[in-house]
Amino acid sequence: MPLDLARTKARLAAFDLKGLFIEDLGWDHFNAMASLPIGAEAYTIHGIAEKRGMPVFECGPGSSGDIPDGQTRQKIERVVAKKHQEHLLVFSDGPKTIQRWQWVRRERGRPLAYRELSYRKGQGGELVAERLHAIAVSFAEEESLTLTDVTAKLKGAFDVE
């Protein structure tokens, strides 16, 4: 099912990630919330959606209102991975102007490979919208879809050099 790119870009600009995943990408509802203490900060993550055990979380900013730096994003990812080894994180800033999408490639015998995509409100959003097309789940594939299939979709969308 091809995504409506204009609607996807509008949802990105509105930071309507739940609507994007549930209504447009065919993912399922997932409500969870946790506070993750990282150093002197506490970051809150909210469940957005999930598909076959692959959750998507939005992580809010620290007290500065900014997206956490790269090292802190990796620490947050490691904490989340203790409970949900496979997952997608979307970091957003306080004023809702920047998103940083993070997925980690895990392969036995190889170091973790952090893959990130950025979206800034006011930019076109074509790259993020095109990548999200790859993780959409059609009604036809729903019944036979597995966690391995969802992981492969995320790898195809985010594991791009």
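Is Asp 16 buried, partly exposed or exposed? At 29% relative accessibility, Asp 16 counts as partly exposed. Before going further, I should say that this is a predicted model.

Asp 16 has a partner. Its side chain meets that of Arg 11 in a salt bridge, with N and O 2.5 Å apart. Arg 11 counts as buried, because its relative accessibility is 12% and the cut-off for buried is under 20%. This salt bridge therefore pairs a partly exposed residue, Asp 16, with a buried one, Arg 11.

Arg 11 also takes us to the helices. Helix α1 covers residues 5-13 and helix α2 covers residues 17-24. Their axes come within 8 Å and cross at roughly 150°. Angles over 145 degrees count as roughly antiparallel, so that is how α1 and α2 are described relative to each other.

Which residues make the contact between α1 and α2? On the α1 side they are Arg 7, Thr 8, Arg 11 and Leu 12. On the α2 side they are Gly 19, Leu 20, Glu 23 and Asp 24. By type, the residues of this contact divide into 4 charged, 2 polar and 2 nonpolar.

Now back to salt bridges. How many does a search of the whole structure find? It finds 18. I will go through two besides the one already shown.

The next is Asp 28 with Lys 51, where the closest N and O atoms are 3.2 Å apart. Asp 28 lies in strand β1, residues 28-29, and Lys 51 in strand β3, residues 41-51, so the pair ties together parts that are 23 residues apart in sequence. As for accessibility, Asp 28 is partly exposed at 28%, while Lys 51 is buried at 0%.

The last is Asp 159 with Arg 115, with closest N and O atoms 2.6 Å apart. This pair also links distant parts of the chain, 44 residues apart. Arg 115 sits in strand β7, residues 113-120, and Asp 159 in the segment after α6, which spans 147-158. Are these two partners buried or exposed? Asp 159 counts as buried because its relative accessibility is 19%, and the cut-off is under 20%. Arg 115 is buried as well, with a relative accessible area of 14%.

Asp 159 and Arg 115 belong to a wider set. Salt bridges that share partners join them with Arg 105, Glu 107, Arg 110 and Lys 155 into one network.

Methods:
Residues are numbered from 1 along each chain as its sequence is written. This is a predicted model: local features need pLDDT of at least 70, side-chain atom pairs count only at pLDDT 80 or more; totals for chains, interfaces and linings use all residues. Side-chain values use heavy atoms; hydrogens and water are left out. Axes are lines fitted to C-alpha atoms, for helices over the stretch in contact, and angles run from 0 to 180 degrees between N-to-C directions. Helices (H or I, at least four residues) and strands (E, at least two) are DSSP runs, numbered from the N terminus. Angles under 35 degrees count as roughly parallel, over 145 as roughly antiparallel, 65 to 115 as roughly perpendicular and the rest as oblique. Contact means heavy atoms within 4.5 Å. Ala, Val, Leu, Ile, Met, Phe, Trp, Tyr, Cys and Pro count as nonpolar, Asp, Glu, Lys and Arg as charged, and the others, Gly among them, as polar. A salt bridge is a side-chain nitrogen of Lys or Arg within 4 Å of a carboxyl oxygen of Asp or Glu. Buried means under 20% relative accessible area, exposed over 50%, partly exposed in between (1.4 Å probe, protein chains only).
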